[in-house]
Amino acid sequence: MEVHQQNALFQYFSDTLAAVIQEAKRNGRYDMGILDLGSGDEKVKKVDCRKFLTPGYTTSGHVELYTVSVERGMSWEEATNAWAEQNGPDDGFYVQMRNNKKTAILI
């Protein structure tokens, strides 16, 4: 297969995968898989813990399902403090719309 054909095939694959992921995110079915949490500046908080007993075992034979929230950004207070230190004409908060969700970005 010639290089330009390989590039076209890869571009088709990439575009299709991006569309499938975007649709899954829109429908709330997207799963990022296994992630390392707390390895950087993110703030990890336990939201819930559910215990499931394993049939045929004692109470020590159970599975625990943890629901966590992960904050990878900065707090509003940190953002406004950083913004106060800026003085450029284009410095400020911008709103980005992605997957029907608004995200404030400090630039």
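Hi everyone, let's start with one residue: at 41% relative accessibility, Arg 26 counts as partly exposed. Here buried means under 20% relative accessible area, exposed means over 50%, and partly exposed is in between, with a 1.4 Å probe and protein chains only.

Before going on, a word on the source: this is a predicted model, where local features need pLDDT of at least 70, side-chain atom pairs count only at pLDDT 80 or more, and totals for chains, interfaces and linings use all residues. Residues are numbered from 1 along each chain as its sequence is written, and side-chain values use heavy atoms, with hydrogens and water left out.

Back to Arg 26. Which residue forms a salt bridge with Arg 26? The partner is Glu 23, and the closest N and O atoms are 2.8 Å apart. By salt bridge I mean a side-chain nitrogen of Lys or Arg within 4 Å of a carboxyl oxygen of Asp or Glu. Glu 23 is partly exposed too, with a relative accessible area of 33%. Both residues sit in helix α1, three residues apart, which is about one turn of the helix. In general, an α-helix has 3.6 residues a turn, so residues three or four places apart point the same way.

Now the helix itself. Helices (H or I, at least four residues) and strands (E, at least two) are DSSP runs, numbered from the N terminus. Helix α1 covers residues 3-26, and its 24 residues at 1.5 Å each should span 34 Å; the end C-alpha atoms are indeed 34 Å apart. That expected span is 1.5 Å times one less than the number of residues. After α1 comes Gly 28, with a positive phi near 75°.

How many salt bridges does a search of the whole structure find? It finds two. The one we have not met yet joins the side chains of Lys 51 and Glu 64, at 3.8 Å from N to O. Lys 51 lies in strand β1 and Glu 64 in strand β2 (residues 62-71), so this pair ties together parts that are 13 residues apart in sequence. Lys 51 counts as exposed, at 58% relative accessibility, while Glu 64 is partly exposed at 32%.

Strand β1 also holds Arg 50, which is partly exposed at 45% relative accessibility. Arg 50 and Leu 65 are 15 residues apart along the chain, with their C-alpha atoms separated by 5.2 Å.

Next, the surface. Tyr 30, Met 32, Leu 35, Leu 37, Val 44, Tyr 66 and Val 68 form a nonpolar patch there, with about 600 Å² of accessible area together. Patches are made of residues with over 30% relative accessible area and no salt bridge; like charges are joined within 9 Å, and nonpolar side chains (Val, Leu, Ile, Met, Phe, Trp, Tyr) within 5 Å. The areas come from the Shrake-Rupley method with a 1.4 Å probe, and for residues only the protein chains shown count as cover. One member, Leu 35, is in the loop between α1 and β1 (43-53), and Leu 35 is partly exposed at 36% relative accessibility.

Let's step back to the domains. The domain assignment gives domain 1 (1-33), domain 2 (36-72) and domain 3 (74-106), with bounds from an automatic or database assignment. How far apart are the C-alpha centres of domain 2 and domain 3? They lie 32 Å apart.

The UniProt record, an unreviewed entry, has the annotation "domain: Strawberry notch helicase C" for residues 1-36. That span is 67% helix and 0% strand, with its end C-alpha atoms 38 Å apart. The record also gives "domain: SBNO alpha/beta" for residues 74-107. Over those residues the chain is 26% helix and 35% strand, and the end C-alpha atoms are 13 Å apart. UniProt positions use the numbering used here, feature names are shortened, and annotations may be inferred rather than shown by experiment.

Two last stops. Gly 73 lies in the loop between β2 and α2, and its C-alpha atom is 8.3 Å from that of Asp 41, 32 residues away along the chain. Trp 83, in helix α2 (residues 76-84), is 31 residues from Phe 52 in sequence and 47 Å away in space, C-alpha to C-alpha. Thanks for listening!
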